[in-house]
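These are my notebook entries on what I looked up in the structure, written down in the order in which I went through it.

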Amino acid sequence: MSTANFRALVRVCSLSLAAMAVLLHGDAAFSADVVETKRKNRLLEEVVVTAQKREENAQDVPVSVLALSGDMLEAMGVDDPSDLQAVTPGLTYGSATGFAIVYLRGVGSDAFLMADPSVATYIDGIYYPFASGLAQSFGKVERIEVLKGPQGTLFGRNTTGGAISITTETPSFDEMHGSVSYTYGHYEENGADFQKARANINIPFTSNLAATLAVFSDTAEQYMRFDEESIQQHSPDEIAQGYRFKIKASFAEKFDLMLAAVGVEQSGFNTALAPNTGPSDLAVLLGAEKQDRDYSVSVNAPINFDIDSEVYFAEFNAYLDALDIKLLVSDQYINNLGKTDFDGSNAPIAYFGAPVYSDVKTAELQLLSNENSWGAGWLQWVAGLYYIDSVAGVSAELALLGGETGQAGLFGLSVPVDDIISLVPGLTEILGPVPLAGGLSLHLEGELATESSAAFAQTTFTFNEWSEMSLGARYQRESRHVLQSSFGLTNGDGSYTTAIDWASGGATPTTADSTNFSPKISFNFYPLDDTMVYVSAQKAYKSGTFNTFNINSDIDYAGPEDVTAYELGLKYTSSGGNLRVNTAIFETTVDDIQVQVVSLLAGGTVRLENAGSARIRGAEVDATIMLFPALVDDFILAFGGAYLDGVYTDYKDGTGFNESTGLYEEGQDFTGKPVVRTPEFSGTIALSKMVNTELGPLDLTVDGYYNSGYSYLAQGDPFKEAEYYLVNARISYLLEDLGLRFTLSGKNLADTIHAYSQFPNDFGRLEALAPPKSYSVSVAWEM
């Protein structure tokens, strides 16, 4: 197609959008005067993003990005990362035993112990490589950016699915300000209550020294209840609390330095309280009964979770004549201490305790062009270096709770375990004559060190007023080394005896070195002042990792993932700002996909394997429209939808569980099966009306979310989430003179039962159910 024809085609599409705007809005949709008087609804707010490492309007960035300011998050009822799913079509955000599991456009990872997520999380520009604790409450944030598609050039390793970037408040030298909020809510199921408190303050000590402090505290009673057969009857509150402190100093108007400390603590059951709604034949043989999806659960093992994280980071900026310089360094400590009923049933079969710890150090140097740089009128660029050094480990206990018939086992319970031991290949030979009358507690140690460095660059060339090209690339070197991998028995005094040390006695290499080059090219066109069309091609890379939890087999290596993605997108904003439409079509190919299988009978508790390849094709759209502004003030329609066609194009010799018996099976062919956690269609819709009163604006919002369902394992049945929908509503009233906002909210008003996640294993389908219908009232004060 010639350049002239392409421009003509794009112009026709743009004019079609403009015609739709006129039909919906009348001529007032394009009046600058209308913008001044009509654009008051928070859902129409323009958001500045840093998707290309510099501040830009979201509509000017040739990347598919959902950008939400703090006010928009509040208006849409989003106060936790898991809520992002309900406002982001194509995103699934779950949680399993304290770990966030995120898929975006069909690319993600449900690996959560010694592997990396495929959708990276950045908070204040700092990369958080481990999923533990990321499903925490937001606290006070300025904006969230959900970057869709691979972001391997600028955001680096393990962004094959995309990135979620959270930006919190930066200290301001201008004036003192702050806010306090309190929310009280009630779950209709089981009469459980919850409370949320937030506070933040910005203090300018001088004209070049300021600090911010933000704190939050959430407490919730358990909306799940224990039935009469459960060994546990008391439910501790779910507690999350934390702080974020930043202090910033400016020097000579050319340099600034910010130091920050963040601490978060979480305790309770988290998503470890997961009833077994589809027990396997093995679980039934050992006494498990099927549990209903009704917020009732029976467990026969102790459950608890405590997640603590501490992060310290610094940001240094230099604003020079020829370029800007940014340096980010961080030191992160994360501990996840937890125990869960491994079979999720009323039978005394097994429990799993897996304290997870990590120590992560990162550094990133960015060099950015500015308005004084050479060629600033036609050239923008960013270049940098990145480094990460981490150690992560797990010290796990897998207890088989049985004993010989009639004899008490662990926790005073009894059930035969000889048959379970015999099902694990080679385990009887390894253990030898071990008395099983008191049950059996297996101890597994795994520790992995990672060191990675990268260089990256991206340039944008502006050819003329309507076209530009972006080129980017990232080169990475990485080394991973197994520090510990052992299996043994826990003794009566709490110590353990090592049976096999795979790290020192195994035959498999314990170090893997790799290099990777990830390029990107994008062409951006501006056929009209208010329209952008972009087409891009890029590659991304996810690091390989080791299986360090092995009972009966040596250490093995799960290789890296490679992603190739193509995208064609259009962004349109009417001249009056009353219509905003973003749409894209894309195709993503993933090779050597890392897939997690949780199985005792496979010879380990958590194992990774590589599937051959998958292909995801899709289309998405999101739009925000001010409806009939000439007739109705501040009446907003916002909607979005994502269609995903994701299939495994090569997945032979896969592992899973027999559909009939639930027993572990190797050698299955999943080629042609849908990609896991990838709904064919998901969509959102919201109607919001602002009513101006003498005391201040009154907001009324109703929104809905639909998900067509998806599989949790490549095999599909019986590990599926059926289609479901959610309905939410909010009424908010702002007393402007006092700075007080009152909000009434209802979530999941249709009382839809769905799962945060499933945890398939040898004993069946364990499901952590999402919250039931709830109501809340909140009050917030800004000074």
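Entry 1, a covered strand. I began with β4, where Leu91, Tyr93 and Ser95 on one side and Thr92, Gly94 and Ala96 on the other are all buried, so that both faces are covered. In a regular strand the side chains alternate between the two faces of the sheet. I noted that β4 spans residues 91–96 and that six of its six residues are buried. I should add that I am reading a predicted model. I then looked up the pairing and found that six bridges join β4 to strand β5 (residues 99–104), the two running antiparallel. Which residue of β5 is the bridge partner of tyrosine 93? The partner is valine 102.

Entry 2, the cores. Val102 came up again when I turned to the largest nonpolar core, which has 54 residues and in which Val102 is listed with Val49, Leu68, Leu84, Ile144, Ile164 and Phe313 as having the most contacts inside it. I followed isoleucine 164 and found that, apart from neighbours within four places in sequence, its contacts include Tyr93, Val102, Leu84 and Ile144. A second, separate core has 47 residues, among them Ala283, Ala347, Val394 and Ala755.

Entry 3, the whole protein. I counted seven helices and 45 strands in the secondary structure. Of the 783 residues in the protein, 59% are buried. Among contacts with a separation of 6 or more, 70% join residues 24 or more positions apart.

Entry 4, a buried serine. Is serine 688, in strand β37 (residues 681–692), buried or exposed? Its relative accessibility is 2%, and because buried means under 20%, serine 688 counts as buried. Its side chain makes a polar contact of 3.1 Å with the side chain of threonine 701. Leaving out residues up to four places away in sequence, I found that serine 688 also touches Asn41, Leu43 and Asp634, among others.

Entry 5, aromatic rings. I noted a count of 21 aromatic pairs. In one of them, the ring centres of phenylalanine 226 and phenylalanine 269 are 5.9 Å apart with the planes at 85°, so I entered the pair as edge-to-face. Phenylalanine 226 is in strand β14 (residues 225–226) and phenylalanine 269 is in the loop between β16 and β17 (276–279), so this pair ties together parts that are 43 residues apart in sequence. Phenylalanine 226, at 11% relative accessibility, counts as buried, and so does phenylalanine 269, at 0%. Phenylalanine 342 and phenylalanine 759 also form an edge-to-face pair, with centres 6.2 Å apart and planes at 80°. This pair ties together parts that are 417 residues apart in sequence. I also noted a cluster in which ring pairs link Tyr187, Phe194, Tyr223 and Tyr295.

Entry 6, backbone exceptions. Most residues other than glycine have a negative phi, and most peptide bonds are trans. Alanine 252, however, has a positive phi near 55°, and this residue lies in the loop between β15 (238–251) and β16 (255–268). Aspartate 653 likewise has a positive phi of about 55°, in the loop between β34 (635–650) and β35 (654–657). Alanine 252 counts as exposed at 68% relative accessibility, and aspartate 653 counts as exposed at 58%. Last, I found that the peptide bond from aspartate 717 to proline 718 is cis, with omega near -5°, and that proline 718 is in the loop between β39 (710–711) and β40 (720–721).

Methods
Residues numbered from 1 in each chain as written. Heavy atoms only, no water. Buried < 20%, exposed > 50% of the residue type's maximum accessible area, 1.4 Å probe, protein only. Contact = heavy atoms within 4.5 Å. Core = buried A, V, L, I, M, F, W, Y, C linked by side-chain atoms within 4.5 Å. Pairing = 2+ DSSP bridges. Polar contact = N/O pair within 3.5 Å; in protein donor to acceptor, adjacent residues only side chain to side chain. Phe/Tyr/Trp six-rings, centres within 6.5 Å; stacked < 30°, edge-to-face > 60°.
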